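User: Please examine the following model with me. I should like to go through its fold, its core and its charged contacts in turn.

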Amino acid sequence: MVSEIQIDHREKAYALLKADADKILRLIQVQMDNLTMPQCPLYEEVLDTQMFGLSREIDFAVRLGLVDQKDGKELMGSLERQLSALHEASLKK
């Protein structure tokens, strides 16, 4: 039973972190599509703040043992790759 609860908490923790990463991606996509250009200081500040916050959330979850460090790094890496692709696509417009 304890094992099932731990697995459930780990799955929930990862799902919450993934949802936060998806929110950052959507926020940046909306900014790039409608509000500002990638070179705008506001865009950079929002991106830096959001990414820092997510990295702290992941670090906290890793320290609690809810997320493997490897999975946390992969989540951040995946988001960074997606944001980079989004940035490059916006520059080509």
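Analyst: Buried means under 20% relative accessible area, exposed over 50%, and partly exposed in between (1.4 Å probe, protein chains only). This is a predicted model, in which local features need pLDDT of at least 70 and side-chain atom pairs count only at pLDDT 80 or more, while totals for chains, interfaces and linings use all residues. Residues are numbered from 1 along each chain as its sequence is written, and side-chain values use heavy atoms, with hydrogens and water left out.

User: Which element has the highest mean pLDDT?

Analyst: pLDDT is the predictor's confidence in each residue, from 0 to 100. Over the protein chain it averages 86, and 90% of the residues score at least 70. Among the elements, α1 has the lowest mean, 86, and the highest, 90, belongs to α2.

User: In what order do the elements run from the N terminus?

Analyst: Helices (H or I, at least four residues) and strands (E, at least two) are DSSP runs, numbered from the N terminus. The protein chain has 3 helices and 0 strands. Its C-alpha atoms fill a box of roughly 55 × 20 × 20 Å along the principal axes. From the N terminus on, the order is α-α-α.

User: How far apart are the end C-alpha atoms of α3?

Analyst: The expected span of a helix is 1.5 Å times one less than its number of residues. For the 24 residues of α3 this gives 34 Å, and the computed distance agrees with that expectation: the end C-alpha atoms are apart by 35 Å.

User: Which elements give two or more residues to the largest nonpolar core?

Analyst: A nonpolar core is a set of buried Ala, Val, Leu, Ile, Met, Phe, Trp, Tyr and Cys residues joined through side-chain atoms within 4.5 Å. The largest one has 20 residues, and those with the most contacts inside it are L17, I24, I28, M51, L54, L79 and L83. Two or more residues of this core come from each of α1 (2-35), α2 (41-64) and α3 (69-92).

User: Leaving aside neighbours within four places in sequence, which residues does L54 contact?

Analyst: Contact means heavy atoms within 4.5 Å. L54 is among the residues with the most contacts inside the core, and L79, also on that list, is buried in α3 along with M76. Leaving aside its neighbours within four places, L54 is in contact with L17, D20, A21, I24, M76 and L79.

User: Which residues are joined into one network by salt bridges that share partners?

Analyst: A salt bridge is a side-chain nitrogen of Lys or Arg within 4 Å of a carboxyl oxygen of Asp or Glu, and the structure holds 7 of them. One is the R81 and E74 pair, at 2.8 Å from N to O. Salt bridges that share partners form one network, made up of R56, D59 and R63.

User: How far apart are the closest N and O atoms of R56 and D59, and why can the two residues meet?

Analyst: R56 and D59 are 3 residues apart in helix α2, so about one helical turn separates them. R56 is partly exposed at 40% relative accessibility, as is D59 at 27%. The closest N and O atoms of their salt bridge are apart by 3.2 Å.

User: Is R63 buried or exposed?

Analyst: R63 also forms a salt bridge with D59, at 3.5 Å from N to O. The two residues are 4 apart in helix α2, which means about one helical turn between them. With a relative accessible area of 59%, R63 is exposed.
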